[in-house]
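Here is a friendly walk through one protein model, written with the bench in mind. Have the structure open as you read.

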Amino acid sequence: MPGPKNVLVDVWLLSSVSTALVAEELAGGSLSVDEFALYGLVSDLGPVTATQLAQWTGMSATTLSAILRRCQARGELTRTPNAADRRSTFVELTDQGRQVYRAALPALARALERVHDGADPVLEEARPALQRVDGAVRAALGLPPRPYRLPDPDLGPDDVGDPPLTPAQADEVRAFAAWVRYRDSAGA
């Protein structure tokens, strides 16, 4: 068997099997995995623009547009004009969309339960590292930071105020902390 590839292949493999697991739990429902994930973002952060959704997800505008049209045709999403930019619209879940999303949430809970069996500490320890990889990939693509973020465990509770540090700020704090450790270990 060949050796490990690289972190991008690791992330791709994880994404593929995670999508398959959630799809298995959503089977028989009306939402695809991508629709379910988008509904979650819109539910938590809406109303949002399609541009914001494309930046957060990395989806192409055409792929995202096709998904949004399909969901709007089912009456689960609505678009309203953005007064600040006439070229864009705000995407929101309708009452029906919120109901469909809430009905699908137990599928995600079942998928998480299947993953958590015997792996709880490992999963929680991995999340900050996954978020740092996500931040690096977003930076390489020139995308804005992810729409939500766990507090960085490398930072103390007093280091994350309100609003929380941006990923770039957290990286700067980590770099400074590494320098302080280096300085102190060198006896300076």
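This is a predicted model. Let's begin with helix α4, residues 61–73, which lies across β2 and β3 and runs at about 110° to β2.

**The sheet**

The strands belong to an open sheet of 3 strands, ordered β1-β3-β2 and paired in the antiparallel sense. Because β1 (48–49) and β2 (77–81) stand at the edges with a single partner strand each, one side of each has no neighbour in the sheet. The pairing between β1 and β3 (residues 89–93) is antiparallel and spans 2 bridges. If you would like to find it on screen, look for Val48, whose bridge partner in β3 is Val91.

**Salt bridges**

Turning to charged side chains, the structure holds 10 salt bridges. Three of them are set out here.

| Pair | Closest N to O distance |
|---|---|
| Glu25 and Arg110 | 2.7 Å |
| Asp95 and Arg98 | 2.3 Å |
| Asp134 and Arg138 | 2.6 Å |

Which parts of the chain does the salt bridge between Glu25 and Arg110 link? Glu25 sits in helix α1 and Arg110 in helix α5 (residues 95–116), so distant parts of the chain are joined, with the two positions 85 residues apart in numbering. Glu25 counts as buried because its relative accessibility is 15%, under the 20% cut-off. Arg110, at 39%, is partly exposed. Both residues also take part in a network of salt bridges that links Glu24, Glu25, Arg110 and Arg114.

The pair Asp95 and Arg98 stays within helix α5, where the two residues are 3 apart, about one turn of the helix. Asp95 counts as exposed, since its relative accessibility of 58% is over the 50% cut-off. Arg98 is partly exposed at 33%.

In helix α6, Asp134 and Arg138 are 4 residues apart, so about one helical turn separates them. Is Arg138 buried or exposed? With a relative accessibility of 9%, Arg138 counts as buried.

**A nonpolar patch on the surface**

Finally, have a look at Val7, Leu8, Val11, Val137 and Leu141, which form a nonpolar surface patch with about 420 Å² of accessible area together. Helices α1 (7–26) and α6 (120–141) are the elements that give two or more residues to this patch. The largest share, 3 residues, comes from α1. Val7 is found in that helix, α1, and Val7 counts as partly exposed at 45% relative accessibility.

Definitions and conventions
Residues are numbered from 1 along each chain as its sequence is written. This is a predicted model: local features need pLDDT of at least 70, side-chain atom pairs count only at pLDDT 80 or more; totals for chains, interfaces and linings use all residues. Side-chain values use heavy atoms; hydrogens and water are left out. Two strands pair if DSSP finds at least two bridges between them. Contact means heavy atoms within 4.5 Å. Axes are lines fitted to C-alpha atoms, for helices over the stretch in contact, and angles run from 0 to 180 degrees between N-to-C directions. Patches are made of residues with over 30% relative accessible area and no salt bridge: like charges are joined within 9 Å, nonpolar side chains (Val, Leu, Ile, Met, Phe, Trp, Tyr) within 5 Å. Accessible areas come from the Shrake-Rupley method with a 1.4 Å probe; for residues, only the protein chains shown count as cover. A salt bridge is a side-chain nitrogen of Lys or Arg within 4 Å of a carboxyl oxygen of Asp or Glu. Buried means under 20% relative accessible area, exposed over 50%, partly exposed in between (1.4 Å probe, protein chains only).
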